[in-house]
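Reader: Could you take one part of this model and walk me through it slowly? I would like a close look rather than a tour.

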Amino acid sequence: MTAPREVRVAELISRVVTDSHGERLGRIEELRAEAHGDEWTVTCYMVGLYAVFERLSANGLGRSILRIFGRRQIGYEIPWDLMDLSDPANPRTTCAIAELKPFRESAT
């Protein structure tokens, strides 16, 4: 197992994420993090269109708009430990898209 490394948030926002098979998941739109003393640790990466609305604090409205256009699920919450950032310009998951939890799957 490799040691955790630091990556600047600015290097990640808007980067396209692919899964372990090279399938496109969407862009990193938001990160969630927890404070540990003076440092912050990323807990998950928000990827895709739903994440855009999350960032704008309008995910209820955004979800409704996407449903009108027939889009049901667009985005993923990717836990930090499933993201390979060895090349920050080309982030990828360590698993297939089918293994990922859709963004806010249970929310309405």
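Which residue in strand 4 is the bridge partner of Cys44?

Author: Happy to help. This is a predicted model, where local features need pLDDT of at least 70, side-chain atom pairs count only at pLDDT 80 or more, and totals for chains, interfaces and linings use all residues. Residues are numbered from 1 along each chain as its sequence is written, and side-chain values use heavy atoms, with hydrogens and water left out.

The bridge partner of Cys44 in strand 4 is Pro79. To place that pair, start with the whole chain, which has three helices and six strands. Helices here are DSSP runs of H or I with at least four residues, strands are E runs of at least two, and both are numbered from the N terminus. Read from the N terminus, the order is α-β-β-β-α-α-β-β-β.

Cys44 also has a bridge partner in another strand: Arg32 is paired with Cys44 of strand 3, and Arg32 itself lies in strand 2. Strands 2 and 3 pair in the antiparallel sense over eight bridges, while strands 3 and 4 do so over four bridges; two strands count as paired if DSSP finds at least two bridges between them. The hairpin of strand 2 and strand 3 has two residues between the strands, and Gly37 there takes a positive phi near 70°.

How exposed is Cys44? Its relative accessible area is 10%, so Cys44 is buried. Buried means under 20% relative accessible area, exposed over 50%, and partly exposed in between, with a 1.4 Å probe and protein chains only. Cys95 is buried too, at 6%. The structure nevertheless holds zero disulfides, a disulfide being a pair of cysteine sulfur atoms within 2.5 Å.

Now look at the charges around these strands. The structure holds one salt bridge, defined as a side-chain nitrogen of Lys or Arg within 4 Å of a carboxyl oxygen of Asp or Glu. Glu77 forms it with Arg32, and their closest N and O atoms are 3.6 Å apart. The pair links distant parts of the chain, with Glu77 in strand 4 and Arg32 in strand 2, 45 residues apart. Glu77 is buried, with a relative accessible area of 15%, whereas Arg32 is partly exposed at 24%. As background, side chains of opposite charge can pair when their charged atoms come close.

The nonpolar side of the picture involves these strands as well. The largest nonpolar core has 13 residues, and Val17, Leu25, Ile28, Tyr45, Val47, Ile78 and Met83 touch the most other members. Strand 2 (24–36), strand 3 (39–47) and strand 4 (76–79) are the elements that give two or more residues to this core, and strand 2 supplies the largest share, three residues. Such a core is a set of buried Ala, Val, Leu, Ile, Met, Phe, Trp, Tyr and Cys residues joined through side-chain atoms within 4.5 Å.

Val47 is a good residue to click on. Not counting residues up to four places away in sequence, Val47 touches Val17, Leu25, Gly26, Arg27, Ile28, Gly75, Tyr76 and Ile78; contact means heavy atoms within 4.5 Å. Across the chain, residues 24 or more positions apart account for 52% of the contacts with a separation of 6 or more. Buried residues make up 33% of the 108 residues.
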